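Work through the following exercises with the model open beside you. Each one sets a task and is followed by a solution that goes step by step.

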Amino acid sequence: MVDLHILPATSEMLPEIVALEEACFSAPWTRKMLEAELTGNPFAHFLVAWRQDRSGEGAESTIVGYHCFWIVFEELRLMNLAVRGSMRRQGVGKALVIEACRLGAEQAASRAILEVRESNHAARSLYTHMGFIQVGKRSQYYTNPTEDAFLMEMNPLVLPGRRQPESVCRPGGASQLPDLL
Ligand SMILES: CC(C)(COP(=O)(O)OP(=O)(O)OC[C@H]1O[C@@H](n2cnc3c(N)ncnc32)[C@H](O)[C@@H]1OP(=O)(O)O)[C@@H](O)C(=O)NCCC(=O)NCCS
């Protein structure tokens with residue numbers, strides 16, 4: 001049986017997060033940058049999607065996704081999101097963003113923003129699917145390769161409707177998230 005848990009990241013998870021970051025991005029954050037978000041930024045929150053396979057002998061666990069976001073007063077800022085290639089299109093990215101929105105709303109954030117590469121159709125589609133709209137463009141914002149960023153916003157912040165894998169569990173608990181809409 002395979003369970004998926006959304007949990008706060010810890011320093012021990014850093015090597016796996018760095019490996020996933022390097023596998024997913026052409027201009028990855030360095031270990032130092034990720035560590036700074038994880039341990040040194042009071043606005044930053046860091047979640048992992050943790051897959052536990054209990055079908056064989058013993059239990060095997062791996063990090064299949066992570067999401068770093070900031071909650072700065074009224075603003076939820078989605079910073080970095082990645083899902084392991086073999087686990088995509090199974091609702092993991094959406095589950096991570098929903099949890100970010102839930103935590104943001106809980107801490108009185110009233111809008112959410114993010115930047116995304118113009119060519120990143122998967123991510124743009126995910127954010128659009130969740131209720132973000134494009135509100136601007138930042139010219140040549142990204143490097144390697146140089147590319148514009150689309151600025152996307154959800155204003156007001158609402159908890160997006162969701163369809164998640166059967167076994168997604170919230171931080172600290174084994175129960176499934178209630179449907180939010
Ligand atoms: C973008 C990313 C995080 C999406 O994660 P994911 O777990 O595959 O996304 P989900 O399964 O939760 O997708 C939810 C919805 O988003 C949209 N979506 C996600 N990936 C898509 C794709 N490749 N093409 C079209 N739509 C897509 C769909 O509407 C999907 O719903 P559906 O599967 O019911 O059609 C993942 O592709 C990834 O890690 N990419 C590399 C890193 C990256 O680009 N990060 C984002 C930086 S801004």
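Throughout, helices (H or I, at least four residues) and strands (E, at least two) are DSSP runs, numbered from the N terminus. The model is a predicted one, in which local features need pLDDT of at least 70 and side-chain atom pairs count only at pLDDT 80 or more, while totals for chains, interfaces and linings use all residues. Residue numbers start from 1 along each chain, as its sequence is written.

**Exercise 1. Determine which elements surround the ligand, and describe the shell by residue class.**

Step 1. Strand S4 (75-83), helix H3 (92-106) and helix H4 (121-129) each contribute at least two residues to the shell around the ligand. Among the elements, H4 gives the most, with 6 residues.

Step 2. A residue is taken as near the ligand if its C-beta atom, placed from the backbone, lies within 6 Å of it. There are 19 residues around the ligand, and of these Arg88, Gly93, Lys94, Ala122 and Ser125 come nearest.

Step 3. For the classes, Ala, Val, Leu, Ile, Met, Phe, Trp, Tyr, Cys and Pro count as nonpolar, Asp, Glu, Lys and Arg as charged, and the others, Gly among them, as polar. On that scheme the shell divides into 9 nonpolar, 7 polar and 3 charged residues.

**Exercise 2. Summarise the fold of the protein.**

Step 1. The protein has 4 helices and 8 strands, and from the N terminus on its elements run β-α-α-β-β-β-α-β-α-β-β-β.

Step 2. A residue is buried if 20 or more other C-beta atoms lie within 10 Å of its own, exposed if 12 or fewer, and partly exposed in between, with C-beta atoms placed from the backbone. Of the 181 residues in the protein, 29% are buried.

Step 3. Two residues are in contact if their C-beta atoms, placed from the backbone, lie within 7 Å. Among contacts with a separation of 6 or more, 61% are between residues 24 or more positions apart.

**Exercise 3. Describe how H1 packs against H2.**

Step 1. Two packed helices are described by the angle between their axes and the distance between the axes. The axes are lines fitted to C-alpha atoms, for helices over the stretch in contact, and the angles run from 0 to 180 degrees between N-to-C directions.

Step 2. Helix H1 (residues 14-24) and helix H2 (residues 31-40) pack at about 125 degrees, and their axes are 10 Å apart. H1 is therefore oblique to H2, given that angles under 35 degrees count as roughly parallel, over 145 as roughly antiparallel, 65 to 115 as roughly perpendicular and the rest as oblique.

Step 3. On the H1 side the contact is made by Leu14, Ile17, Val18 and Glu21, and on the H2 side by Arg31, Leu34, Glu35 and Leu38. By class, this contact has 5 nonpolar, no polar and 3 charged residues.

Step 4. Proline 15 also belongs to H1, and it counts as exposed because 11 other C-beta atoms lie within 10 Å. Its C-alpha atom is 8.1 Å from that of arginine 31, which is 16 residues apart from proline 15 along the chain.

**Exercise 4. Locate the backbone features that depart from the general pattern.**

Step 1. Most residues other than glycine have a negative phi, and most peptide bonds are trans.

Step 2. The peptide bond from asparagine 144 to proline 145 is cis, with omega near -5 degrees, and phi of asparagine 144 is positive, near 50 degrees. Asparagine 144 lies in the loop between S6 and S7, and it counts as exposed because it has 9 C-beta neighbours inside 10 Å.

Step 3. A cis peptide bond also joins asparagine 155 and proline 156, with omega about 10 degrees, and proline 156 is in the loop between S7 and S8.

Step 4. Arginine 89, in the loop between S4 and H3, has a positive phi near 60 degrees. With 10 C-beta neighbours inside 10 Å, arginine 89 counts as exposed.

**Exercise 5. Place glutamine 134 in its surroundings.**

Step 1. Glutamine 134 lies in strand S6, and it is partly exposed because 14 other C-beta atoms lie within 10 Å.

Step 2. Leaving out residues up to four places away in sequence, glutamine 134 touches Phe150 and Met152. The C-alpha atoms of glutamine 134 and leucine 151 are separated by 5.8 Å, with their positions 17 residues apart along the chain.
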